[in-house]
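Open your viewer and keep the selection box handy. This short tour goes from one strand outwards, with something to select at each stop.

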Amino acid sequence: MATGVSALLEDGGRTVIGVDLLGHGDAPKPHDPAAYADLTERLVDALPADGTVDAVGFSLGARTLLELASAQPERFGRIVLAGIGDGAFTLDGEQTDRLIAGVRGEAPDSDVRAHAFRHYAEQPGNDPEALAAVLERRAAPFTDAQLAAVACPVLVVLGDRDFAAPGDRLAAALPDARLVSLRNVDHFATPESFAFIDAMLGFLDAVPR
C-alpha cells in the first residue's frame, strides 16, 4: 500500500521489513487455491531468526499476522491489526462467494461490497484470478483458545463503516488488546486514514521526532 507509512516508521526510528503476501504486490500470484493454504510462510521467511518484531497488518495481512502470533507468540513485541473484526470467528461461505464473484466481475450491480473488491482487484499490479484463489482457500475461523495464546499487546483498528466491524469480541479474546474505532472510515480507506496512522505510530512508539 503506497500510503507513506513505511517512511513515517523509518522517520520514527524503525527499520521496516515489508512483506507482500502470496497473491499480492510483488509476490508470486498462483491461481490454485491450494497454494494459499499457509500464508504465514512468507512472514516467517522475512522475520529475523532471533528476537521479536513489532508488526502491522491490514485485512488479510492482519489475519495472517494473527495466525502466526497465535502459533509463535514469542516472535512479536507489539501488533497492530487493521481491517479485521469479529468476523474472524466465523466462516461465512455466502459472503465469500459474493466477494469471489465481485473479484471476477460476476457480481450483480446491487452488491456494493463485491464491487469494492472488484475495484481493488483491478488496481495496477493486482491479479483478479489470484485474489479469487486467495478467497477460495476459505481459512478456518479463529477460536477463543487460539487467540488466548497471543501474548503481546495488540491494537485493533476498525473503521465504523468497515464491513469487518465490530471488533469488540476480537479485542476481548486477546489477552492484552485495545480497540480503536475510526469515525466515517470504511474498509479500503483505513490504510490511508490519518486517524489510523496516528494510532498506529503512537502504539508502536514510532512518532517521527
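**First stop: strand β3**

Start by selecting residues 154-159, strand β3: six of the six residues are buried, so the strand is largely enclosed by the rest of the structure. Keep in mind that this is a predicted model.

Now show the side chains of β3. Which residues point which way? Val-154, Val-156 and Leu-158 point one way from the strand, while Leu-155, Val-157 and Gly-159 point the other way. Residues of both sets are buried. In a regular strand the side chains alternate between the two faces of the sheet.

**The neighbours of β3**

Next, add β2, residues 76-82, to your selection. How many bridges join β2 to β3? There are four, and the two strands run parallel. To find one such place, pick Leu-81, which stands opposite Val-156 in β3.

Then select β4, residues 177-182. This strand also pairs with β3 in the parallel sense, over six bridges. For a residue to centre on, try Leu-155, whose bridge partner in β4 is Arg-178.

**A loop residue: Glu-74**

Move along to the loop between α3 (60-71) and β2, and select Glu-74 there. Is Glu-74 buried or exposed? With a relative accessible area of 53%, Glu-74 is exposed, because the cut-off for that label is over 50%.

Expand the selection to what Glu-74 touches. Apart from neighbours within four places in sequence, the residue is in contact with Gly-51 and Thr-52. For a distance label, pick the C-alpha atoms of Glu-74 and Ile-197: they are separated by 25 Å, with the two positions 123 residues apart along the chain.

**Zoom out**

Finally, clear the selection and colour by secondary structure. You should find nine helices and four strands, running from the N terminus as α-α-β-α-β-α-α-α-α-β-α-β-α. The radius of gyration is 16 Å, close to the 17 Å that the globule rule gives for 209 residues, so the protein is as compact as a globular protein of that length. Along the principal axes, the C-alpha atoms fill a box of roughly 45 × 35 × 30 Å.

Buried residues make up 44% of the 209. If you draw a contact map, 66% of the contacts with a separation of 6 or more come from residues 24 or more positions apart.

Switch on the surface for the last view: the accessible area comes to about 10,500 Å², and carbon and sulfur atoms account for 50% of it. Colour the charges too, and you will have 17 positive and 32 negative ones, with mean positions 3 Å apart.

How values were computed. Residues are numbered from 1 along each chain as its sequence is written. This is a predicted model: local features need pLDDT of at least 70, side-chain atom pairs count only at pLDDT 80 or more; totals for chains, interfaces and linings use all residues. Side-chain values use heavy atoms; hydrogens and water are left out. The radius of gyration is taken over C-alpha atoms; the globule rule is 2.2 Å times the number of residues to the power 0.38. Buried means under 20% relative accessible area, exposed over 50%, partly exposed in between (1.4 Å probe, protein chains only). Contact means heavy atoms within 4.5 Å. Accessible areas come from the Shrake-Rupley method with a 1.4 Å probe; for residues, only the protein chains shown count as cover. Lys and Arg count as positive and Asp and Glu as negative; His and the chain ends are not counted. The place of a charge is taken as NZ of Lys, CZ of Arg, CG of Asp or CD of Glu. Two strands pair if DSSP finds at least two bridges between them.
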